[in-house]
Amino acid sequence: MPVPMETSIMTNLTDTQAVLLSSAAQREGGSLLPLPASLKPGGGATKALDALVTRGLAEERETSDPAATRRTEGEQRFGLFLTAAGAAAIGVLPPGADQQNAGNDKPPVQAPGTAAKSPSKMVMVLDLLRRPGGATLAELIAVTGWLPHTTRAALTGLRKKGHAVERGKRGDATCYSVAVQ
């Protein structure tokens with residue numbers, strides 16, 4: 001499971017891009033493919049993948065996994081993988097980053113005046129809910145790793161804390177949003 005980082009900068013990602021990056025961060029190799037079950041193959045997913053590569057949040061690399069293959073050249077297979085910038089965009093360390101620092105006995109050096117506290121999952125949920133168009137239950141689940149009933153309970157908890165969680169529709173999917181205060 002990826003380790004949360006200091007900040008989350010998900011505000012410039014589309015819903016599809018956030019779901020793709022979140023699912024890749026949960027995979028051991030960081031592959032964006034196969035697509036998460038909440039996304040349908042086609043134009044929207046293809047455009048989101050291309051945009052992630054263009055922005056440097058994902059990169060094309062050779063792979064031996066047929067399920068992670070995006071294109072082939074002869075015998076070589078190429079897939080899309082999460083970059084460090086892509087992991088930072090959703091507020092997590094890239095897959096394997098915790099293993100890279102396993103032999104390091106010294107704590108990481110922090111800049112003066114920065115907090116060591118990482119954002120909670122509720123902060124990430126609120127970030128998603130504050131985006132234009134809000135977030136679907138599937139997107140919230142992909143970011144938090146919670147089960148559906150836990151995610152719905154968190155939305156109820158936010159309502160009880162005074163957040164105006166509104167429910168709407170985006171296509172056939174129910175989406176939730178909170179007004180930016």
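**Figure 1. The residue that follows helix α6 in the predicted model.** Just after α6, G145 takes a positive phi of about 80°; the model shown here and in the legends below is a predicted one. The helix that precedes this glycine, α6, spans residues 137–144, and α7, with which α6 packs, spans residues 148–160.

**Figure 2. Packing of helix α6 against helix α7.** Two packed helices are described by the angle between their axes and the distance between the axes. For α6 and α7 the angle is about 100°, and the axes lie 10 Å apart. Angles of 65 to 115 degrees count as roughly perpendicular, and α6 and α7 are therefore roughly perpendicular to each other. On the α6 side the contact is made by L137, L140, I141 and T144, while α7 contributes P148, T151, R152 and L155. By residue class, this contact of α6 with α7 comprises 5 nonpolar residues, 2 polar ones and 1 charged one.

**Figure 3. The surroundings of helix α6.** Helix α6 is mostly covered, with 6 of its 8 residues buried, namely L137, E139, L140, A142, V143 and T144. The cover over these buried residues includes the helices α1 (15–26), α5 (121–130) and α7, together with the strands β4 (135–136), β5 (165–170) and β6 (173–178).

**Figure 4. The hairpin of strands β5 and β6.** Strands β5 and β6, which are among the elements that cover the buried residues of α6, run antiparallel and are joined by 6 bridges. Within this pairing, V165 stands opposite V178 in β6. The hairpin has 2 residues between the strands, and G171 takes a positive phi near 70° there.

**Figure 5. The largest nonpolar core and a second, separate core.** In soluble globular proteins, nonpolar side chains tend to be buried together. The largest nonpolar core of this model has 21 residues, of which L13, L20, L21, L32, L52 and L82 touch the most other members. Two or more residues of this core come from each of α1, α2 (43–54), β3 (76–82) and α3 (84–89), and α1 gives the most, with 6 residues. When residues up to four places away in sequence are not counted, L21 touches L13, L52, L57, L82, G86, A89 and I90. A second, separate core consists of 16 residues, including V125, L126, L137 and A154; among these, L137 is also one of the α6 residues that make the contact with α7, and L137 is listed with the buried residues of α6.

Terms used
Residues numbered from 1 in each chain as written. Heavy atoms only, no water. Axes fitted to C-alpha atoms, helices over the stretch in contact; angles between N-to-C directions. Helix = DSSP H or I, 4+ residues; strand = E, 2+ residues; numbered from the N terminus. Parallel < 35°, antiparallel > 145°, perpendicular 65-115°, else oblique. Contact = heavy atoms within 4.5 Å. Nonpolar A, V, L, I, M, F, W, Y, C, P; charged D, E, K, R; others polar. Buried < 20%, exposed > 50% of the residue type's maximum accessible area, 1.4 Å probe, protein only. Pairing = 2+ DSSP bridges. Core = buried A, V, L, I, M, F, W, Y, C linked by side-chain atoms within 4.5 Å.
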